[in-house]
Amino acid sequence: MVTLLIVLGAIVFLLAVVVFSPVVIALDSRNRQVRVRWLFVMEFEAPLPWTPGRKRLTLFQRPIPLCEPPSPAQPAEVKKEAAEPAGGKPAPRKRSRATGRFFVRCLGDSTIRQTLAHQVAKFIRRVSGSVRMNRLSSDISLPDPALNGMLAGALAASNWGGGERRKIQVNFTGENSLFFEFRFHPHRVIKALLLCLPGLPY
């Protein structure tokens, strides 16, 4: 019994550490990728949209294979065969259509729409309050050298021209880049969701 309590306590402690640890999201335009890191639990990397590259996901430091979308050069026959389920029979869609009609009827009620919009707005407001910026770095180069000089002077006279967490500078080389990193805490998202659930229309 004592051993079971110790094991349960250790599991609860680890879950608390994970839930209260922040999720870090970084966007790097120079390397053309997005990174998501959540303590030792998860790490995800993906190229920016319309950028060649492969996605990578690790859970507890173990790589997880991801299904890549088919290439545009793939023949239509192969895509059709891959989309069909085993046995050549189409998947049943009656349940999904009934669910869709149910949601449409619900959204047709003005009271439900107002209540839902109010709760969604409250949820977004609470979640946005838990987001914190860690670092912002950007290199800007405008087409006109005169505008670059004016912008460089304005940045030098402001707090945006330099700093450890926030730095925007003019490079005069025609290259533009952006690095943006922010974090949020999962327990605050869970709290915001739990506070919004009782107010939803049932």
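**Exercise 1. Find which residue Arg56 meets in a salt bridge, and say where the two partners sit.**

Solution. Start with the side chain of Arg56: in this predicted model, the side chains of Arg56 and Glu43 meet in a salt bridge, at 3.6 Å from N to O. Salt bridges are counted here when a Lys or Arg side-chain nitrogen is within 4 Å of a carboxyl oxygen of Asp or Glu, and the pair Arg56 and Glu43 is listed as one. Next, place the partners: Arg56 belongs to strand 4 and Glu43 to strand 3, 13 residues apart. Then look at how open they are. Arg56 has a relative accessible area of 35% and is partly exposed; Glu43, at 30%, also counts as partly exposed.

**Exercise 2. Work out how strand 3 and strand 4 pair: parallel or antiparallel?**

Solution. As background, strands of a sheet pair through backbone hydrogen bonds, in either a parallel or an antiparallel way. Now take the two strands: strand 3 covers residues 42-47 and strand 4 covers residues 56-59, and they pair in the antiparallel sense over 4 bridges. Finally, pick out Glu43 once more: its bridge partner in strand 4 is Thr58.

**Exercise 3. Trace the order of the strands in the open sheet, and name its edge strands.**

Solution. Read across the sheet of 8 strands: the order is 5-4-3-2-1-8-6-7, and the pairing is mixed. The two ends of that order give the edges, strand 5 (62-64) and strand 7 (166-170), each of which pairs on one side only. To finish, consider the twist: neighbouring strands of this sheet are turned by 10° against each other on average, with direction ignored.

**Exercise 4. Find which residues are joined with Arg30 into one salt-bridge network.**

Solution. Begin with Asp139, whose side chain meets that of Arg30 in a salt bridge of 3.0 Å, N to O. Arg30 lies in the loop between strand 1 (23-28) and strand 2 (33-38), while Asp139 is in strand 6 (residues 132-140), so this pair ties together parts 109 residues apart in sequence. Move on to Glu175, which forms a salt bridge with Arg30, with the closest N and O atoms 3.7 Å apart. Glu175 lies in the loop between strand 7 and strand 8 (177-184), 145 residues from Arg30.

Now check the surroundings. Arg30 is partly exposed at 49% relative accessibility, and Glu175 is partly exposed at 38%. Asp139, in contrast, is buried because its relative accessible area is 12%, with the cut-off for buried being under 20%. Put the pieces together: salt bridges that share partners join Arg30, Asp139 and Glu175 into one network.

How values were computed:
Residues are numbered from 1 along each chain as its sequence is written. This is a predicted model: local features need pLDDT of at least 70, side-chain atom pairs count only at pLDDT 80 or more; totals for chains, interfaces and linings use all residues. Side-chain values use heavy atoms; hydrogens and water are left out. Two strands pair if DSSP finds at least two bridges between them. Axes are lines fitted to C-alpha atoms, for helices over the stretch in contact, and angles run from 0 to 180 degrees between N-to-C directions. Buried means under 20% relative accessible area, exposed over 50%, partly exposed in between (1.4 Å probe, protein chains only).
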